[in-house]
Amino acid sequence: MTTLITHIQQLVAVRDSYHLLRGNEMQSLPLLEDAFLLVEDGIIAQYGKMYELELKVPVLPAHIIDATGQFVLPTWCDSHTHLVFAQSREGEFIDKIKGLSYADIAARGGGILNSAEKLAAATEEELFESGMVRLQEMMRLGTGAVEIKSGYGLSLEGELKMLRVIKKIKAAAPIPVKASFLGAHTYPAAYKESHAAYISLLVDELLPVIAKEQLADYIDVFCESGFFSPAEMETICLAAGQYGLLPKLHVNQLNSIGGLQKAIQLNALSVDHLETMTPVDIQDLAASNTIGTLLPTAAFFLRMNYQPARQMIDAGAAIALATDYNPGSSPSGNMNFVLSLSCIQLKMLPEEAINAATINAAYAMELQDELGSISIGKKANLIFTKPMPSLAYLPYAFGANLIDKVMINGIILA
Ligand code: NIG
Ligand code: FE
């Protein structure tokens with residue numbers, strides 16, 4: 001099918017060519033005013049200013065969408081989620097209101113272990129159904145690609161169950177889905193004192209099956225005091241590397257323990273969280289090829305200090321944004337709120353935030369040739385906003401639903 005979108009007030013993130021944006025470059029967000037966009041078979045086929053329409057599209061298709069007063073953007077890429085889980089955890093949310101910390105809750109068997117217990121009792125069908133519902137809700141909020149982690153299985157059967165569910169979601173979803181193996185999310189109770197045995201389960205038993213069944217694109221480890229050390233993360237990542245899995249890693253959320261430096265040394269595609277960054281950490285990230293993925297809603301929900309985005313960008317780092325959608329630290333898959341928080345609390349400029357949630361986030365899940373900008377040949381996954389006074393209004397008017405409609409593969413979502 002061919003669709004022509006006309007009279008777009010601003011066509012945002014128009015890029016004839018593209019690269020990962022770092023430092024000052026993140027401020028540059030090219031756009032066309034009074035523009036058109038042509039979609040053929042789900043792919044961006046042409047775009048330009050309205051006065052160029054006759055020249056660039058000599059024969060108009062039958063299907064035309066008038067976008068007068070609307071901004072059109074590439075959909076968000078959410079490169080870090082844990083959206084497959086069995087149950088929400090609002091009981092812990094109340095415990096936190098009453099004064100317990102995330103670490104207190106984890107120490108008494110709550111947190112990730114609570115989710116693991118619930119996951120063990122759920123069937124693949126139940127996990128698939130609830131995961132698809134969350135994914136569809138995210139699509140309606142403007143997300144056009146998503147990464148999903150395992151990590152609530154924490155056993156041979158549990159991790160394989162989660163990864164198989166993610167594989168089914170991948171096959172069923174109309175948007176690209178990437179899978180990360182996060183068996184190293186926490187030590188299950190039975191392995192609390194025998195780390196080597198659990199790492200051997202991950203490396204010697206799980207990885208070969210994951211590789212054989214092609215269940216993961218990436219390896220992830222929660223590198224944190226009381227969870228996995230940088231050395232343990234290295235062992236796991238090197239083993240996963242034998243099967244071609246690139247690292248995307250949880251580091252520097254609660255403590256700075258050298259996880260960031262180890263991740264960079266391991267050529268990680270991204271280092272995610274980064275709430276706790278020393279000046280040296282910021283310099284090391286900026287000097288590396290690794291993308292820093294910030295998860296501001298996790299800091300918001302856990303009442304932690306926000307990621308020092310300003311310092312990281314000013315130092316020259318490449319920054320992406322994601323939701324971290326999970327039942328414990330970020331029970332929301334809403335990238336629009338991530339965008340607002342990153343401007344309000346992390347002091348990112350609207351242009352930087354939009355770039356971080358589109359082109360850089362596409363790079364953070366190796367989808368830069370399919371998504372992340374308005375470029376000929378990329379997927380027509382688009383956000384149409386409601387009429388707004390300016391693009392900055394999008395993060396400014398936090399909590400408002402400014403999305404009029406979402407197009408996925410050239411089709412407007414019902
Ligand atoms: O990214 N920090 C580790 N993992 C998740 C939280 C998982 C949970 O609490 O269930 C995160 O914040
Ligand atoms: Fe996470």
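**Exercise 1. The ligand's polar partners**

Find how far a polar side-chain atom of Tyr152 lies from an oxygen atom of ligand 1.

*Solution.* Keep in mind as you work that this is a predicted model.
- Step 1: Pick out the polar side-chain atom of Tyr152; an oxygen atom of ligand 1 is 2.6 Å away.
- Step 2: Now turn to His250, where a polar side-chain atom lies 3.0 Å from an oxygen atom of ligand 1.
- Step 3: Look for a nitrogen atom of ligand 1 as well: an N or O atom in the side chain of Gln253 is 3.0 Å from it.
- Step 4: Check these pairs against the cut-off for a polar contact, which is N or O atoms within 3.5 Å.
- Step 5: Finish with the cover: on its own, ligand 1 has 330 Å² of accessible area, and the protein covers 100% of it.

**Exercise 2. The ligand's surroundings**

Work out which residues come nearest to ligand 1.

*Solution.*
- Step 1: Gather the residues around ligand 1; there are 15.
- Step 2: From that group, the nearest are Arg89, Tyr102, Tyr152, His185 and Ser329.

**Exercise 3. A sheet of eight strands**

Trace the order of the open sheet of eight strands, and explain why one side of strand 6 and of strand 13 is left without a neighbour in the sheet.

*Solution.*
- Step 1: Follow the order 6-7-8-9-10-11-12-13, in which the pairing is parallel.
- Step 2: Go to the edges, where you meet strand 6 (76–78) and strand 13 (319–321); each has a single partner strand, so one of its sides has no neighbour in the sheet.
- Step 3: Look at the twist, which averages 25° from one strand to the next.
- Step 4: Zoom in on one pair: strand 8 (residues 177–184) and strand 9 (residues 218–221) are parallel and share three bridges. Ser180 has Tyr218 of strand 9 as its bridge partner.
- Step 5: Add helix 14 (residues 350–357), which lies across strand 6 and strand 13 and runs at about 75° to strand 13.

**Exercise 4. A hairpin**

Describe how strand 2 and strand 3 pair.

*Solution.*
- Step 1: Strand 2 (residues 31–40) pairs with strand 3 (residues 43–49) in the antiparallel sense, over six bridges.
- Step 2: Take Phe36 as an example; its bridge partner in strand 3 is Gly48.
- Step 3: Two residues stand between the strands of this hairpin, and Asp41 takes a positive phi near 50°.

**Exercise 5. The whole protein**

Decide why the radius of gyration agrees with that of a compact globule.

*Solution.*
- Step 1: For 414 residues, a compact globule would have a radius of gyration near 22 Å.
- Step 2: The protein has 21 Å, which agrees.
- Step 3: Complete the picture with 16 helices and 16 strands.

Key:
Residues are numbered from 1 along each chain as its sequence is written. Chains are lettered from A and ligands numbered from 1 in the order in which they are written. This is a predicted model: local features need pLDDT of at least 70, side-chain atom pairs count only at pLDDT 80 or more; totals for chains, interfaces and linings use all residues. Side-chain values use heavy atoms; hydrogens and water are left out. Two strands pair if DSSP finds at least two bridges between them. Helices (H or I, at least four residues) and strands (E, at least two) are DSSP runs, numbered from the N terminus. Axes are lines fitted to C-alpha atoms, for helices over the stretch in contact, and angles run from 0 to 180 degrees between N-to-C directions. Contact means heavy atoms within 4.5 Å. A residue is near a molecule or strand if one of its heavy atoms lies within 4 Å of it. A polar contact is a pair of N or O atoms within 3.5 Å; within protein, one must be able to donate a hydrogen and the other to accept it, and residues adjacent in sequence count only if both atoms are side-chain atoms. Accessible areas come from the Shrake-Rupley method with a 1.4 Å probe; for residues, only the protein chains shown count as cover. The radius of gyration is taken over C-alpha atoms; the globule rule is 2.2 Å times the number of residues to the power 0.38.
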